[in-house]
Amino acid sequence: MKTALLVGGGLIGFSFAQRFVDAGWQVRMTDVRAELADAVAQEFGDKVRFSTNLEDLTDSVDFVQEAGLESLEFKHKIFARLAGLTDAAILASSTSAILPSKSAADNPAAERIVIGHPFTPPALMPVLEVVPGPETAPETVERALEVYRELGFEPSAMKKEIPGFVGNRIQKVDMWEAISLVQQGVIDAKDLDTILRNSLGLRYAATGPFESNRLGGGPEGIKSTIEHIAGAWETEPVAGVPDMSHLDEVYAQVDVPTATTPRPSSPAPAAAMRCCAASSTCALHTSAYSARGVIRGAGCAGRPRHQGSPRAGRRGCHLPPGADRRP
Ligand SMILES: NC(=O)c1ccc[n+]([C@@H]2O[C@H](COP(=O)([O-])OP(=O)(O)OC[C@H]3O[C@@H](n4cnc5c(N)ncnc54)[C@H](O)[C@@H]3O)[C@@H](O)[C@H]2O)c1
């Protein structure tokens with residue numbers, strides 16, 4: 001049986017642990033917070049072995065998913081330790097932003113180090129960005145893709161590293177334009193969300209931008225879309241640049257609970273939200289997706305199912321005490 005080691009038992013570490021357990025792996029977890037031992041036992045029984053001592057857990061490990069602090073100093077040090085404690089394992093980092101070339105700098109196991117970046121909440125989101133550094137071996141990328149597929153993700157490999165990877169770069173462009181349009185007084189935040197949700201949101205859930213524009217171009221494909229419809233994109237419309245030092249008006253429009261803003265306690269009863277209640281971020285996502293029919297079920301205990309990707313929806317949210325994440 002294959003063995004996975006989670007380094008860090010926060011939101012991301014617990015979520016990966018559940019996926020490895022579901023896939024039939026032997027699972028180990030380490031965290032500096034000794035109190036997590038009880039939470040791990042309660043959540044996973046004897047299926048996850050926990051220790052605060054990394055050295056106790058590294059024997060015969062096949063795959064390490066690092067999910068510790070988001071700091072270069074931490075990543076650099078932990079990968080240096082892992083290099084010496086494992087000889088063949090894939091060493092994957094969950095980092096949202098730290099480039100693999102930096103985490104793996106001067107590391108003798110650099111060819112085994114790769115990024116495996118999930119999106120929150122990873123229990124529901126099928127995406128997984130696999131990002132190699134300049135020294136990552138092609139076999140490491142292939143093995144990471146295989147493992148993530150086995151866990152139920154739909155992973156994609158990048159060819160090389162770049163700040164923000166892919167998802168967050170696209171998200172930045174999207175958010176900057178959205179904020180700029182609100183700041184210019186073109187539209188209210190709520191109406192902008194409605195437009196995006198009912199246009200690109202629905203479309204991209206099924207096709208993505210390239211395929212979508214291929215379909216939009218008819219028999220001649222994307223060439224036709226670009227040449228006939230998007231011909232003026234280079235010059236018009238000019239992308240907006242938001243004023244990031246004056247966001248109060250945007251915040252005032254967005255951070256207002258409305259009748260259509262699901263709260264973590266609704267519609268599921270509190271008990272059903274046991275796991276989600278540990279993380280307001282996860283609970284809010286889950287409630288919003290559930291209320292809008294994207295997933296079935298209302299919370300972790302209901303084991304929500306992602307309509308677009310049944311594989312991703314087999315799992316509920318599994319969160320340790322104290323987890324309370326930003327989006
Ligand atoms: N939460 C998100 O939205 C999200 C999404 C994608 C990627 N990520 C990335 O995943 C990683 C983990 O994020 P998270 O949200 O689970 O963070 P978290 O703060 O919930 O968990 C980090 C855990 O690491 C533990 N830790 C600290 N030092 C340690 C050490 N020396 N050894 C072992 N464990 C140690 C902490 O005690 C904590 O439990 C980060 O790199 C983050 O950027 C987070």
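I began at D106, which I found in the loop between helix 4 (100-103) and strand 6; for helices and strands I used DSSP runs numbered from the N terminus, a helix being H or I over at least four residues and a strand being E over at least two. I worked on a predicted model, so that local features need pLDDT of at least 70 and side-chain atom pairs count only at pLDDT 80 or more, whereas totals for chains, interfaces and linings use all residues. Residues are numbered from 1 along each chain as its sequence is written.

I looked up the backbone of D106 and noted a positive phi of about 60 degrees, although D106 is not a glycine. Is D106 buried or exposed? I count D106 as exposed because it has 8 C-beta neighbours inside 10 Å; with C-beta atoms placed from the backbone, a residue is buried if 20 or more other C-beta atoms lie within 10 Å of its own, exposed if 12 or fewer, and partly exposed in between.

I then turned to F165, which is found in the loop between strand 8 and helix 6 (167-183). F165 is not a glycine either, yet its phi is positive at about 50 degrees. I entered F165 as partly exposed, since 19 other C-beta atoms lie within 10 Å.

From strand 8 I went to its pairing: strand 7 (residues 127-132) and strand 8 (residues 154-157) run in the parallel sense over 4 bridges, where pairing requires that DSSP finds at least two bridges between the strands. The chain passes from strand 7 through helix 5 (residues 138-150) to strand 8, and I recorded this β-α-β crossover as right-handed, meaning that, with the strands pointing away from the viewer, the path from the first strand over the helix to the second runs clockwise. Within this pair I looked up L128, whose bridge partner in strand 8 is P155.

Next I looked at the ligand, which 23 residues surround, the closest being G8, G10, I12, S94 and T120; a residue belongs here if its C-beta atom, placed from the backbone, lies within 6 Å. The elements that give two or more residues to this shell are helix 1 (11-22) and strand 6 (113-118), and helix 1 gives the most, with 3 residues.

Last, I noted the chain as a whole, which comes to 11 helices and 10 strands, with buried residues making up 35% of its 327 residues.
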